[in-house]
Amino acid sequence: MTLFITSSHTLGWAGPLNPANDFVTLLRGELQRPIRCAMVSSYPDDVTITDRMAWEIRECFERAHLAFSHFEVIDRRTQRYAPRIIRRSNFVILCGGHVPTENEFFHDIHLRELLEGYKGVVMGISAGSMNCAERVYAPPELPGEGRDADYPRYYEGLGLTDVNIMPHFQQMRRARIDGQRLVRDLMTPDSYDHPIYCIPDGSFFMVKNGVTTLHGEAFKYYKGHLRHINSNGEQRRLYPSGRLYLLS
């Protein structure tokens, strides 16, 4: 399996695939032909949102001359067919949305088990990327979650990576939830437990053959300190110890 952990795959809603940091080139090189895509919804009970996401994904890939020969959506309508859909795909897209909602659906369809030994490409988008982790970190994001003392911040994920990300960092670093600063107030205590890799749109991690590489601008939030660790155009290998090695 090759895994892409992205913040966003496009240049805006229904825009083209984001070419920054060689994302399109690398993705194109990993995708098998013909491309048989399975899109896993992050809002499995909302047909309108799911169908809109499906249209957007197909549109942006067709613009990049990466049209799908086969495209199926996994949501509540098709949940019972998830094993068959995953089995005949070679490209799985995990949509962005509300992390806990998506995480619950992943468990409903036993996605972790379905992806064991998967030989194709998996691409996470935002929440989909966050749910790829072994131990998913999901800070508050909706009104009411920030002031809920019982809001759970950790979930069992797909186990495809140990990397916890905060996507859309160009926006999230200034975000407030229930009057509190997301990064400095809500995430700071959690940063003492584990590092959080904050990436803006256009940056991503790639995991292949057990090797994790970071592409594009990124920050590491750890023990209350936010540190710039990579720039656009740079590629670094991330070791399990957390050490980064500049490749280019």
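Which residues of H1 are buried? In this predicted model, the buried ones in H1 are Phe-23, Val-24, Leu-27 and Glu-30. These four cover an arc of only 130 degrees around the axis, so they sit on the same side of H1. The general rule behind such a pattern is that an α-helix has 3.6 residues a turn, so residues three or four places apart point the same way. Across on the other side of H1, Thr-25 and Gly-29 are exposed.

What do the buried residues of H1 pack against? Their partners are strand E1 (2-6), helix H2 (47-63) and the strands E4 (91-94), E5 (121-125) and E12 (204-208).

## Just past H1

Follow the chain out of H1 and you come to Leu-31, in the loop between H1 and E2. Leu-31 has a relative accessible area of 5%, and because buried means under 20%, Leu-31 counts as buried. Setting aside neighbours within four places in sequence, Leu-31 is in contact with Leu-66, Phe-91 and Val-121. Leu-31 and Phe-4 are 27 residues apart in sequence, and their C-alpha atoms are 11 Å apart in space.

The loop between H1 and strand E2 (36-40) also holds Pro-34. A cis peptide bond joins Arg-33 to Pro-34, with omega at about -5 degrees.

## Backbone angles to look for

Most residues other than glycine have a negative phi, and most peptide bonds are trans. Besides the cis bond between Arg-33 and Pro-34, two histidines are worth finding on the backbone. His-110 has a phi near 55 degrees, a positive value in a residue other than glycine. His-110 comes just after H4, in the loop between helix H4 (99-108) and helix H5 (111-114). His-168 has a positive phi of about 55 degrees too, although it is not a glycine. You will find His-168 in the loop between strand E8 (165-166) and helix H7 (169-172).

Within H4 itself, the buried residues are Val-99, Pro-100, Glu-102, Asn-103, Phe-105 and Phe-106.

## The nonpolar cores

How many residues does the largest nonpolar core have? There are 38, and those with the most contacts inside this core are Val-40, Val-92, Leu-94, Leu-111, Leu-115 and Phe-205. The elements that give two or more residues to this core are E1, E2, helix H3 (82-87), E4, H4, helix H6 (127-130) and E12. A second, separate core has 27 residues, including Phe-23, Cys-37, Ala-64 and Leu-66. Phe-23 is also one of the buried residues of H1.

Val-40 makes a good starting point for exploring the largest core. Not counting residues up to four places away in sequence, Val-40 touches Ile-74, Val-92, Ile-93, Leu-94, Cys-95, Phe-105, Phe-106, Ile-109 and Leu-111.

## Two buried polar residues

Ser-7 and His-194 each make side-chain polar contacts, listed here.

| Side chain | Partner | Distance |
|---|---|---|
| Ser-7 | backbone nitrogen of His-168 | 2.7 Å |
| Ser-7 | side chain of Asp-201 | 2.5 Å |
| His-194 | side chain of Tyr-154 | 2.9 Å |

Ser-7 lies in the loop between strand E1 (2-6) and helix H1 (23-30). Is Ser-7 buried or exposed? Ser-7 is buried, because its relative accessible area is 0%. Apart from neighbours within four places in sequence, Ser-7 is in contact with Ile-125, Ser-126, Pro-167, His-168, Ile-199, Pro-200, Asp-201 and Ser-203.

His-194 is found in the loop between helix H8 (182-191) and strand E11 (196-198). His-194 counts as buried because its relative accessibility is 7%. Not counting residues up to four places away in sequence, His-194 touches Arg-135, Tyr-137, Tyr-154, Asn-164, Tyr-221 and Tyr-222.

## The largest pocket

The largest pocket has a volume of about 750 Å³. Of the 34 residues that line this pocket, Gly-96, Gly-97, Ile-125, Ser-126 and His-168 are the closest to its centre. Three of these names may sound familiar: Ile-125, Ser-126 and His-168 are also among the contacts of Ser-7.

Which element supplies the largest share of the lining? That is H2, with four residues. H2, H6 and H7 each supply at least two residues of the lining.

Key
Residues numbered from 1 in each chain as written. Predicted model: local features only at pLDDT ≥ 70, side-chain atom pairs only at ≥ 80, totals over all residues. Heavy atoms only, no water. Buried < 20%, exposed > 50% of the residue type's maximum accessible area, 1.4 Å probe, protein only. Polar contact = N/O pair within 3.5 Å; in protein donor to acceptor, adjacent residues only side chain to side chain. Contact = heavy atoms within 4.5 Å. Arc of directions from axis to C-beta. Core = buried A, V, L, I, M, F, W, Y, C linked by side-chain atoms within 4.5 Å. 1 Å grid on protein atoms, 1.4 Å probe; cavity = no way out; pocket = protein on both sides within 12 Å on 5 of 7 lines; lining within 4 Å. Points joined across faces, edges and corners; volume = space filled by probe spheres on them.
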